[in-house]
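Work through these exercises with the coordinates loaded. Try each task before reading its solution.

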Amino acid sequence: MYARRPAVCIPLTFAYKRARLKWSLKHQHWSVGEWANVMFSDESRFSLSSDSRRVTIWRGRGTRFEPRNITERHNFPSWGVMVWAGIMMDGHKDLHFFDTGTVTAQRYRDEVLKTYVRLFRGAVGPDFIFMDDNAPCYRAVLIDDFLETENIQRMS
């Protein structure tokens with residue numbers, strides 16, 4: 001027997017399940033040529049330290065402060081990096097490293113959409129479709145306006 005952390009997930013509501021099924025059925029017969037026009041993108045944060053609060057251990061009663069049962073934790077923020085990348089059937093974009101700070105809608109537009117996505121759209125043509133996740137900064141009016149101005153279609 002081991003001490004374990006429980007699995008964590010966000011349960012899908014009935015509406016989300018229905019929307020996902022509808023999307024899947026709509027796109028299940030797309031040809032390779034249609035998928036070749038889609039750019040998928042995602043971002044991730046990488047941290048240089050671990051979150052020691054997620055570790056569980058087995059220990060005997062009265063041994064809490066023995067050195068073998070103590071894990072160091074630093075109270076200062078750890079250094080990390082936020083990266084973004086985009087992939088298509090016939091190519092990819094190397095990782096874009098965001099400098100320090102939060103990724104806002106304005107930074108996303110200036111550093112990603114203007115710099116990379118607009119170029120891919122120019123290379124693919126009017127059938128280009130951009131797929132991003134539903135991060136709040138990607139759903140800002142600023143982003144919607146930019147995509148509309150640049151004639152970039154976003155996949156639902």
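The exercises go from the whole chain to one helix, its core and one arginine.

This is a predicted model: local features need pLDDT of at least 70, side-chain atom pairs count only at pLDDT 80 or more, and totals for chains, interfaces and linings use all residues. Residues are numbered from 1 along each chain as its sequence is written, and side-chain values use heavy atoms, with hydrogens and water left out.

**Exercise 1. Describe the fold of the protein chain.**

Step 1. Assign helices (DSSP H or I, at least four residues) and strands (E, at least two), numbered from the N terminus. The protein chain has 4 helices and 6 strands.

Step 2. Read them in order: α-α-β-β-β-β-α-β-α-β.

Step 3. Check burial, where buried means under 20% relative accessible area, exposed over 50% and partly exposed in between (1.4 Å probe, protein chains only). Of 156 residues in the protein chain, 26% are buried.

**Exercise 2. Analyse the geometry of helix 3.**

Step 1. Compare spans; the expected one is 1.5 Å times one less than the number of residues. A straight helix of 20 residues would span 28 Å, but helix 3 spans only 24 Å between its end C-alpha atoms.

Step 2. Look for a bend, the angle between axes fitted to the seven residues ending at a residue and the seven starting there. Helix 3 has a kink of about 50°, centred on Leu113.

Step 3. Look just past helix 3. Gly125 there takes a positive phi of about 105°.

**Exercise 3. Find what helix 3 adds to the largest nonpolar core.**

Step 1. Define the core: buried Ala, Val, Leu, Ile, Met, Phe, Trp, Tyr and Cys residues joined through side-chain atoms within 4.5 Å.

Step 2. The largest core has 20 residues; among those with the most contacts inside it are Tyr108, Leu113, Val117 and Phe130. Helix 3 gives the most to this core, with 6 residues.

Step 3. Separate the other core. It has 5 residues, including Trp35 and Met155.

**Exercise 4. Place Arg109 in its surroundings.**

Step 1. Arg109 sits in helix 3 (residues 105–124).

Step 2. Is Arg109 buried or exposed? Arg109 is buried, because its relative accessible area is 16%.

Step 3. List its contacts (heavy atoms within 4.5 Å). Beyond neighbours within four places in sequence, Arg109 touches Lys114, Leu142, Ile143 and Phe146.

Step 4. Test for a polar contact: N or O atoms within 3.5 Å, one able to donate a hydrogen and the other to accept it within protein, with residues adjacent in sequence counting only if both atoms are side-chain atoms. The side chains of Arg109 and Asp110 make one at 2.9 Å.
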